[in-house]
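Please look over the structure shown here, with an eye to its metal site, its backbone geometry and its aromatic side chains. A short report follows.

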Amino acid sequence: MTYGPAHLLPGEQIRITTNPDTEPFWQAAKEHKLTACQCGECDKFRMPPTAVCPHCGSREKKWPALPGTATVFSYVVCNKNPKNGEDYVYVPVVVDLDGAPGARLNANVTGVDADDVHIGMKVSVVWTDIQDNWVLPNFQKA
Ligand SMILES: [Zn+2]
């Protein structure tokens with residue numbers, strides 16, 4: 001079976017919630033800056049961001065600017081829009097973020113046929129406007 005081009009889920013279908021631990025990530029995304037939560041004490045990354053570092057127990061956080069490139073760690077091909085059940089090809093991925101060892105992000109990938117997405121594929125960030133004036137990082141084939 002061939003699926004054809006991988007689309008992004010429409011931004012108007014996507015709503016996020018934030019909390020004090022995750023909001024810096026989303027505020028940076030609004031400015032089209034990709035970041036990840038890094039411990040201010042031991043420098044280990046953790047995504048999703050949590051209040052306390054699981055490695056050293058520190059509550060200190062840093063939000064370094066990342067290059068915006070990543071590598072596909074895992075993916076799945078979906079062929080129905082979850083909102084209305086219509087035919088719609090999209091590819092949720094888990095990516096390893098360059099510049100942030102250990103930090104993974106869930107997103108969609110585009111700019112490639114769904115059949116050609118593979119583990120180890122290099123991708124770069126694209127920005128999707130979503131509900132409530134937030135911006136979601138997605139990825140395209142690099
Ligand atoms: Zn730590």
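Asp43 is partly exposed, with a relative accessible area of 38%. This is a predicted model. Asp43 belongs to the loop between S1 and S2. Its phi is near 70 degrees, a positive value in a residue other than glycine. Most residues other than glycine have a negative phi, and most peptide bonds are trans.

Asp132 also has a positive phi, near 60 degrees. Asp132 sits in the loop between strand S7 (122-129) and strand S8 (135-141). With a relative accessible area of 45%, Asp132 is partly exposed.

The peptide bond from Met47 to Pro48 is cis, and its omega is near 0 degrees. Pro48 lies in the loop between S1 and S2.

**The zinc site**

Which residues coordinate the zinc ion? The donors are the SG atoms of Cys39, Cys42, Cys53 and Cys56, at 2.3 Å. The angles among the four donor atoms run from 102 to 115 degrees, and the site is tetrahedral. Along the chain, the donors follow the spacing C-x2-C-x10-C-x2-C. Cys42 and Cys53 both lie in the loop between strand S1 (38-39) and strand S2 (61-62), so this pair ties together parts that are eleven residues apart in sequence.

How buried or exposed are the zinc-binding cysteines? The table gives the values for each.

| Residue | Relative accessibility | Class |
|---|---|---|
| Cys39 | 0% | buried |
| Cys42 | 29% | partly exposed |
| Cys53 | 3% | buried |
| Cys56 | 41% | partly exposed |

Cys39 and Cys53 fall under the 20% cut-off, so they count as buried. Cys42 and Cys56 lie between 20% and 50%, so they count as partly exposed. A search of the whole structure finds zero disulfides.

**Thr35**

Thr35 is placed in the loop between helix H1 (23-30) and S1. Thr35 counts as buried, at 3% relative accessibility. Its side chain reaches the backbone oxygen of Pro64 at 2.7 Å. A polar atom of the Thr35 side chain also lies 3.2 Å from the backbone oxygen of Trp63.

**Aromatic side chains**

How many aromatic pairs does the structure hold? There are two. Phe25 and Trp26 form an edge-to-face pair, with 5.1 Å centre to centre and 90 degrees between the planes. The rings of Tyr88 and Tyr90 have centres 6.4 Å apart and planes at 45 degrees, so this pair is tilted. An angle of 45 degrees is neither under 30, as stacked requires, nor over 60, as edge-to-face requires.

The burial of these rings can be set out pair by pair. Phe25 is buried, at 5% relative accessibility. Trp26 is buried as well, at 13%. In the tilted pair, Tyr90 is buried at 9%, whereas Tyr88 is partly exposed at 21%. The cut-off for buried is under 20%, so Tyr88 at 21% does not meet it.

Charged side chains also sit over rings. Lys30 lies over the face of Trp134, at 4.2 Å from the ring centre. The charged end of Arg104 sits over the ring of Phe73, 3.4 Å from its centre.

Methods: Residues numbered from 1 in each chain as written. Predicted model: local features only at pLDDT ≥ 70, side-chain atom pairs only at ≥ 80, totals over all residues. Heavy atoms only, no water. Phe/Tyr/Trp six-rings, centres within 6.5 Å; stacked < 30°, edge-to-face > 60°. Buried < 20%, exposed > 50% of the residue type's maximum accessible area, 1.4 Å probe, protein only. Lys NZ or Arg CZ within 6 Å of the ring centre and 35° of its normal. Disulfide = S-S within 2.5 Å. Donors = N, O, S within 2.8 Å, 3.2 Å for Na, K, Ca; no water. Tetrahedral: all angles 85-135°; square planar, octahedral: opposite > 155°, others 65-115°. Helix = DSSP H or I, 4+ residues; strand = E, 2+ residues; numbered from the N terminus. Polar contact = N/O pair within 3.5 Å; in protein donor to acceptor, adjacent residues only side chain to side chain.
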